[in-house]
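Got the viewer open? Grab your mouse and follow along, one selection at a time.

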Amino acid sequence: MHEAPKSSRRVGGEFRALKWTARHPGFVLAPGALTASGIELGWATTGGIVGGTAAGLCTWYRAHPDTFDHYAAPRMRAWRRRWSVYFGPKFNKALRACDLYTTDRKTGQERFPRVVRVRSYSPSVDTITLALAPGQGRRSFDDKLEILADTLRVERIAIERPKPGYVALIVERSEPFTETIPAPEMPEESDAVDPGDIYIGETEYGSEWRQGVGSQHIFIAGATGAGKNSVVLAILRGLAPLIRDGLVRLWICDPKQLEFAKLAGVAYRYADDEGRCAELVGEYLEDLRAIQRMFAATGKRKITMSRETPLNILILDEIGALLAYGDGTIGRALRKNLAIVGSQGRATGHSMIAAVQEPTKDTVPIRELFPVRICMRVTAQSHVDMVLGDGSRLRGALADEIPNIPETAGIGYVIRQKTRTPIRVRAAYTDDGDIDDLVAFIRSGWTSESHLTVVA
C-alpha cells in the first residue's frame, strides 16, 4: 500500500485543539467536575469542598513540612510551572527566538518541540522532557543552551537525552545560596551532641543540612576549591566536645598538608605522607579488629560510645593520592585495608570520611562502600552520576554546572534517601581562625592525665 502524498494544507485548527485536549484531559475534566458538583451538590457545597481542600493543604504545609515537601510540593510546583512558564505559545515564543524549531517545507507550518513532562524536584530546578520536532536533533539544543537560559531568565540550562527523539532540559531557575554560611557553633558539653545528627550547613529548602557520622562512611567529591573540607570541618566542630572528652578519636591522613595540618596536635593519629598513611590505616584496621574480638568475647553486636570504646573517624584528605597516584604496592595495601574498614567498620564505630577530586573507579575502587555521598563542583558531567548514582544529573544535580568561582565554594548536592532525588546544599565555611578556635576548644578540656595519645 502506497503512502498518500503530503498535502500543502495544514490540519484544521479544531482538530489540533481536539488533539491538544486529548493530551491534557485535566483541562476538560476539572472544570467539568466542578460544574457537575455545583449542579448536583450546590455551589455552596462545592465552594466548601474546594475551600476545605485548600485549607487542608495549608495545614499540611505548616504542620508537617517533611511529608508536604516530599509528596505535594514537587507535584504542585511542576503543575504551576508547566502552565505558567512552559505552556504552549509562551514557551514556543522563547524557542522561536532561539531558533529551536523547524519549518515544514510543504505547508510552511512551524513545528516546535512538544513539552511531554515537567518535573520540579526542588524549588530551584525543573526538568522538562521535550519530544523533538521532525527534523530536529539534540545538537541544535547543545549550541543554544546559554541563549535559551538568558531568554527564559534562568541561571543555567543543562541537557540530557533520556531516549531517542527526546531531550530533557534541566533548568536551574535560581541560585538559592547567595551568602556564605558562617562556621557552625561548637556545643559546650558532650551531652548536647548527637553524632547521628550533626549540622553541616543549609539546604535549598531553607532547612538545616544535617548528617550522621560514626556509623556511616562519607564520600565527598569535588574539584580544587569546591569546598570539600568545609563539610569535614563543619562535622568536626559539631563533634568538638566529644573529641575533647575522648569519646571521638580522629585518625587523619593528610597528604596535602593544608587545613588538616592544624589538627595534627589534637588527632589521635596523624600522617602526612603515603607511607605513614599506610601505617596509620593499618593501625586503624587493627583497632577495628580488637573491637571485633571484644564483641566475640562478650556477645555484643554494637559499641556504646565511651572513653573505653570511642567512635573512631578516619579522615582521608584526597584519597586519590593514596590509592591511585602514588606507589602501586602501598596503594594496593591501602585499598585492601580500607575495603575491610568500609565493609566491617559500622558496627565497631569505625567510620571513614574521604575527599577526592576525581571520583572514577580507577581512582577510588572502593567508592561503592560509602553509603553517604556528596557531590560538589566537578569538572565532568559523568562525575555527577558516578558520585550520586545513575540519573542524578537528569533529576537536577548540576554539579558540573556550578561556576568555578570562590563565591560558590561549599555548594553541592546530596541524595534525599527517601525519594532518591538530589538536593542542593551548602556547607558552612570554616576559615583558619575557626580552625584555631576548634583546636583551642579541644585542648581546653585536656589535663596532664589526658586519655589521648597524640601522634604526629
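Start the tour at Glu318, which sits in the loop between β12 (311-317) and α11 (319-323). Keep in mind as you go that this is a predicted model. Is Glu318 buried or exposed? Its relative accessible area is 7%, and buried means under 20%, so Glu318 counts as buried. Look at the backbone too: phi of Glu318 is near 60°, a positive value in a residue other than glycine.

**Another residue with positive phi**

Now select Asp99. You'll find Asp99 in the loop between α5 (88-97) and β1 (102-103). Phi of Asp99 is near 60°, again positive in a residue that isn't glycine. How accessible is Asp99? Its relative accessibility is 49%, so Asp99 counts as partly exposed.

**Zoom out**

Take a moment to show the whole chain as a cartoon. How many helices and strands does the protein have? There are 14 helices and 16 strands. Colour by burial and you'll see that buried residues make up 46% of the 456 residues. Here's one about how the chain folds back on itself: of the contacts with a separation of 6 or more, 65% are between residues 24 or more positions apart.

**The four-stranded sheet**

Next, select β3, β4, β5 and β6. These strands make an open sheet in the order β3-β4-β6-β5, with antiparallel pairing. Which strands are at the edges? They are β3 and β5 (156-160), and each pairs on one side only. Going from one strand to the next, the twist averages 20°.

Bring helix α7 (residues 145-152) into view as well. Helix α7 packs on the sheet and touches β5 and β6 (166-172). The direction of α7 makes about 130° with that of β5.

Now go strand by strand:

- Pick β3 (residues 114-122) and β4 (residues 125-131), which pair in the antiparallel sense over 6 bridges.
- Between β3 and β4, look for a hairpin that joins them through 2 residues.
- Click Val118, whose bridge partner in β4 is Ile128.
- Click Ser122, which stands opposite Val125 in β4.
- Move to β5 and β6, which pair in the antiparallel sense over 5 bridges.
- Click Ile157 and find Val171 opposite it in β6.
- Follow the hairpin of β5 and β6, with 5 residues between the strands, and stop at Gly165 in the turn, where phi is positive at about 90°.

Stay on β5 and turn on its side chains. In a regular strand the side chains alternate between the two faces of the sheet. Here's what that looks like: Arg156, Ala158 and Glu160 are on one side of β5, with Ile157 and Ile159 on the other. Both faces are covered, and all of these residues are buried. That fits the count for β5, where 5 of 5 residues are buried.

**A helix tucked inside**

Select helix α8 (residues 228-238). Why is α8 described as largely enclosed by the rest of the structure? Because 11 of its 11 residues are buried. Try clicking along the helix: among the buried residues are Lys228, Asn229, Val232, Leu236 and Arg237.

**A loop stop: Thr408**

Your next pick is Thr408, in the loop between α13 and β15. At 10% relative accessibility, Thr408 counts as buried. What is Thr408 in contact with, leaving aside its neighbours within four places in sequence? The answer is Ala226, Ile402, Pro403 and Arg426. Show those side chains together and rotate around them.

**Last stop: a pocket**

Finish at the second largest pocket, which holds about 940 Å³ of space. It is lined by 32 residues, and the closest to its centre are Arg210, Ile415, Arg416, Gln417 and Ile423, so select those to find your way in. The elements that give two or more residues to the lining are α4 (65-84), β8 (208-211), β14 (372-376), α13 (381-388), β15 (411-415) and β16 (422-427). Which element gives the largest share of the lining? That's α4, with 6 residues. Now colour the lining by class: you should get 13 nonpolar, 10 polar and 9 charged residues.

Technical notes: Residues are numbered from 1 along each chain as its sequence is written. This is a predicted model: local features need pLDDT of at least 70, side-chain atom pairs count only at pLDDT 80 or more; totals for chains, interfaces and linings use all residues. Side-chain values use heavy atoms; hydrogens and water are left out. Two strands pair if DSSP finds at least two bridges between them. Buried means under 20% relative accessible area, exposed over 50%, partly exposed in between (1.4 Å probe, protein chains only). On a 1 Å grid over the protein atoms alone, a cavity is a set of points where a 1.4 Å probe fits but cannot get out, and a pocket is an open set with protein on both sides within 12 Å along at least five of seven lines; lining residues have an atom within 4 Å of a point. Grid points are joined across faces, edges and corners, and a volume is the space filled by probe spheres set on the points. Ala, Val, Leu, Ile, Met, Phe, Trp, Tyr, Cys and Pro count as nonpolar, Asp, Glu, Lys and Arg as charged, and the others, Gly among them, as polar. Axes are lines fitted to C-alpha atoms, for helices over the stretch in contact, and angles run from 0 to 180 degrees between N-to-C directions. Contact means heavy atoms within 4.5 Å.
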